[in-house]
Amino acid sequence: QSKKRAFWYTIYSFSRITSKQFYKIKTQDYWGLETSSNIEILDLGLPPIIVSSTTPDTIKIIELVLDTLFSINVTVTDEDGLDNISTVKLKTFFNHPDSIILDTIYYALYDDGNLDSLFYSGDSFKGDGIFSNKILLDPNINPGIYKWIFTATDLDNRVSENLETRVVIQ
């Protein structure tokens with residue numbers, strides 16, 4: 001009687017691997033039984049980098065009554081090219097110990113050259129690494145200090161370090 005062995009493999013394909021490391025680990029238990037396993041560690045390179053942001057320092061509530069759109073711009077780079085950036089986001093919330101998750105608002109930023117006729121992102125040139133959006137703040141917003149946090153993610157799900165700014169609403 002022959003023994004049949006079945007093997008299952010999971011294969012992932014990464015196009016931008018910068019280095020690979022292989023490890024073979026062998027363990028032996030108390031009774032002398034041995035088990036081997038192979039481990040592969042892939043280095044997919046660096047995450048995107050948020051170079052700078054252009055945001056207002058102070059917004060007066062009287063300006064909000066005028067339905068003013070505020071332009072937000074962030075310059076992002078990626079060692080694998082700008083086509084490798086999948087999302088750039090802004091998270092804004094009231095910077096106060098009593099702040100709750102309901103205070104948090106998320107905005108997507110675009111490097112689309114404002115090509116979508118149904119949506120106005122405020123971006124000037126497609127593919128220049130400047131991600132933009134025009135946001136409208138609620139005129140009933142509470143005055144105070146707000147924290148704006150920018151993050152960028154690439155196609156390999158590597159996330160940039162946060163870039164934080166502070167906006168005062170008076």
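A strand here is a DSSP run of E with at least two residues, and strands are numbered from the N terminus. With that in hand, Ile39 can be placed in strand S2. The structure above is a predicted model, so let us begin with its confidence.

**Exercise 1. Confidence**

Task: Find which element of the protein has the lowest mean pLDDT and which has the highest.

Solution:
- Step 1. Start with the whole protein: the average pLDDT is 81, and 78% of the residues score at least 70.
- Step 2. Now go element by element. Helix H1 (residues 61–65) has the lowest mean, 67, while strand S3 (residues 49–54) has the highest, 92.

**Exercise 2. A nonpolar patch**

Task: Work out which residues make the nonpolar surface patch, and which elements give two or more residues to it.

Solution:
- Step 1. Pick out Tyr23, Ile25, Ile39 and Ile41, which together make a nonpolar surface patch of about 330 Å².
- Step 2. Strand S1 (19–28) and strand S2 (34–43) are the elements that give two or more residues to this patch.
- Step 3. Check one member. Ile39 lies in strand S2 and has a relative accessible area of 36%, so Ile39 is partly exposed. Patch residues need over 30%, and Ile39 at 36% qualifies on that count.

**Exercise 3. Lys26 and its partner**

Task: Identify the residue that forms a salt bridge with Lys26, and say how exposed each partner is.

Solution:
- Step 1. The partner is Glu34, with the closest N and O atoms 3.3 Å apart.
- Step 2. Lys26 has 56% relative accessibility and therefore counts as exposed, the cut-off being over 50%.
- Step 3. Glu34, at 47%, is partly exposed.

**Exercise 4. Following Arg158**

Task: Trace the salt bridges of Arg158 to Asp80 and Asp156, and find the network that they belong to.

Solution:
- Step 1. Begin with Asp80: its salt bridge with Arg158 has its closest N and O atoms 2.7 Å apart. This pair links distant parts of the chain, 78 residues apart. Arg158 sits in the loop between strand S9 (144–154) and strand S10 (163–169), and Asp80 in the loop between strand S5 (69–77) and strand S6 (85–94).
- Step 2. Compare the accessibility values. Arg158 is at 9%, so Arg158 counts as buried; Asp80 is at 29% and counts as partly exposed.
- Step 3. Turn to Asp156, whose side chain meets that of Arg158 in a salt bridge of 3.3 Å, N to O. Asp156 is buried, as is Arg158.
- Step 4. Put the pieces together: through shared partners, salt bridges join Asp80, Asp154, Asp156 and Arg158 into one network. The whole structure holds five salt bridges.

**Exercise 5. Strands side by side**

Task: Give the order of the open three-stranded sheet and say which strands stand at its edges.

Solution:
- Step 1. The order is S3-S5-S8, with antiparallel pairing.
- Step 2. S3 and strand S8 (130–136) are the edge strands; each has a single partner strand, so one side of each has no neighbour in the sheet.
- Step 3. Neighbouring strands of this sheet are turned by 25° against each other on average, direction ignored.
- Step 4. For a close look, take S3 and S5, joined by five bridges. Ser52 stands opposite Thr75 in S5.
- Step 5. Now try S10. Strand S4 (residues 58–59) pairs with S10 in the parallel sense over two bridges, whereas S9 pairs with S10 in the antiparallel sense over seven. Ile169 in S10 stands opposite Ile59 and also opposite Gly144.

Definitions and conventions
Residues numbered from 1 in each chain as written. Predicted model: local features only at pLDDT ≥ 70, side-chain atom pairs only at ≥ 80, totals over all residues. Heavy atoms only, no water. Patch = residues over 30% accessible without salt bridge, like charges linked within 9 Å, V, L, I, M, F, W, Y side chains within 5 Å. Areas by Shrake-Rupley, 256 points an atom, 1.4 Å probe, with all protein chains shown as cover. Salt bridge = Lys/Arg side-chain N within 4 Å of Asp/Glu carboxyl O. Helix = DSSP H or I, 4+ residues; strand = E, 2+ residues; numbered from the N terminus. Buried < 20%, exposed > 50% of the residue type's maximum accessible area, 1.4 Å probe, protein only. pLDDT = per-residue confidence, 0-100. Pairing = 2+ DSSP bridges. Axes fitted to C-alpha atoms, helices over the stretch in contact; angles between N-to-C directions.
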